[in-house]
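Work through the exercises below with the sequence and the coordinates open. Each task is followed by a solution in steps.

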Amino acid sequence: MQRPWIPALVLVALLVAFRCLGAAFSHQLPNFQPLPALFLCSVIFLRGSKAWALPIAAWLVSNPLASALQGYNPFEAGGGVIVAFLALLLTGALALKLRKSPSPAVVLGGGLIAALLFHVVTNAAVWAADPLYAKSAHGLWQSLWSGRPADAMPSWVFLRNLAAANVLFTALFLLAQRSWPGEVRTKPALAQSR
């Protein structure tokens, strides 16, 4: 008897585990996580409620765990959590545009665009909220590229790691979608069932 929910459950468990592992070692590989790639690929390749439910479930489970591993209160509702979730939803919206022709090049390019989108949205929100940044184009650039002088790493390191993670995980999702049991529709002609 085939249980179609098992691959999704295994995928969520693996993604949550990897995100927690990344959070535990965030000082070595900050922002190296699979969630933007999951939002992108789920919306591109899955249909119906799974397209959004799978990445949102992974985020809801992994976010408190990752926050706790990084020393933050996982149940404190902060603006950063909301902005990050909104940036992930924007990644899903970008994926809706890429569904029509999900060639590997388009999907991998979408992964890079998703990383840039996430970085710009979250860092622009930090720039707007943090009084240490000048409210000017220079202050915004500082938030996007170098960060505050007291920060342990420049902001571009987070962008680099997220872009690398997005390419890696998007490529893995592209490979995995070929064997997904009857859930994935990759041909543009089948894309009419949105």
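The exercises go from the whole chain to single helix pairs and then to one residue; the model is a predicted one.

**Exercise 1. Describe the overall make-up of the chain.**

Step 1. Count the secondary structure elements: the chain has 7 helices and 0 strands. Along the sequence this reads α-α-α-α-α-α-α.

Step 2. Turn to burial. Of the 194 residues, 40% count as buried.

Step 3. Consider contacts with a sequence separation of 6 or more: 68% of them join residues 24 or more positions apart.

**Exercise 2. Find the largest nonpolar core and the helices that supply it.**

Step 1. The largest nonpolar core has 34 residues, and Leu38, Ile44, Val107 and Phe173 have the most contacts inside it.

Step 2. Assign the core to helices. At least two residues each come from α1 (5-24), α2 (35-45), α3 (50-69), α4 (79-98), α5 and α7.

Step 3. Look for the largest share: α2 supplies it, with 9 residues.

**Exercise 3. Classify the packing of α5 against α7.**

Step 1. Take the axes of α5 (residues 104-129) and α7 (residues 155-177). They come within 9 Å and cross at roughly 150°.

Step 2. Angles over 145 degrees count as roughly antiparallel, so α5 is roughly antiparallel to α7. The crossing of α5 and α7 is right-handed.

Step 3. List the contact. On the α5 side the residues include Val107, Leu108, Gly111 and Phe118, and on the α7 side they include Leu159, Leu162, Asn166 and Leu174. The residues of this contact divide into 14 nonpolar, 6 polar and no charged.

**Exercise 4. Repeat the analysis for α5 and α6.**

Step 1. The axes of α5 and α6 (residues 137-146) come within 9 Å and cross at roughly 125°.

Step 2. These two helices are therefore oblique to each other. The crossing of α5 and α6 is right-handed.

Step 3. In the contact, His119, Val120, Asn123, Ala124, Val126 and Trp127 of α5 meet Gly139, Leu140, Ser143 and Leu144 of α6. The division here is 6 nonpolar, 4 polar and no charged.

**Exercise 5. Which residues does tryptophan 127 contact, leaving aside its neighbours within four places in sequence?**

Step 1. Locate the residue: tryptophan 127 is found in helix α5.

Step 2. With those neighbours left aside, tryptophan 127 is in contact with Tyr133, Ala134, Lys135, Ser136, Gly139, Leu140 and Ser143.

Step 3. Check one pair by distance. Tryptophan 127 and serine 143 are 16 residues apart in sequence, and their C-alpha atoms are 5.8 Å apart in space.

How values were computed:
Residues numbered from 1 in each chain as written. Predicted model: local features only at pLDDT ≥ 70, side-chain atom pairs only at ≥ 80, totals over all residues. Heavy atoms only, no water. Axes fitted to C-alpha atoms, helices over the stretch in contact; angles between N-to-C directions. Helix = DSSP H or I, 4+ residues; strand = E, 2+ residues; numbered from the N terminus. Parallel < 35°, antiparallel > 145°, perpendicular 65-115°, else oblique. Left-handed = near helix turned anticlockwise from the far one by under 90°. Contact = heavy atoms within 4.5 Å. Nonpolar A, V, L, I, M, F, W, Y, C, P; charged D, E, K, R; others polar. Core = buried A, V, L, I, M, F, W, Y, C linked by side-chain atoms within 4.5 Å. Buried < 20%, exposed > 50% of the residue type's maximum accessible area, 1.4 Å probe, protein only.
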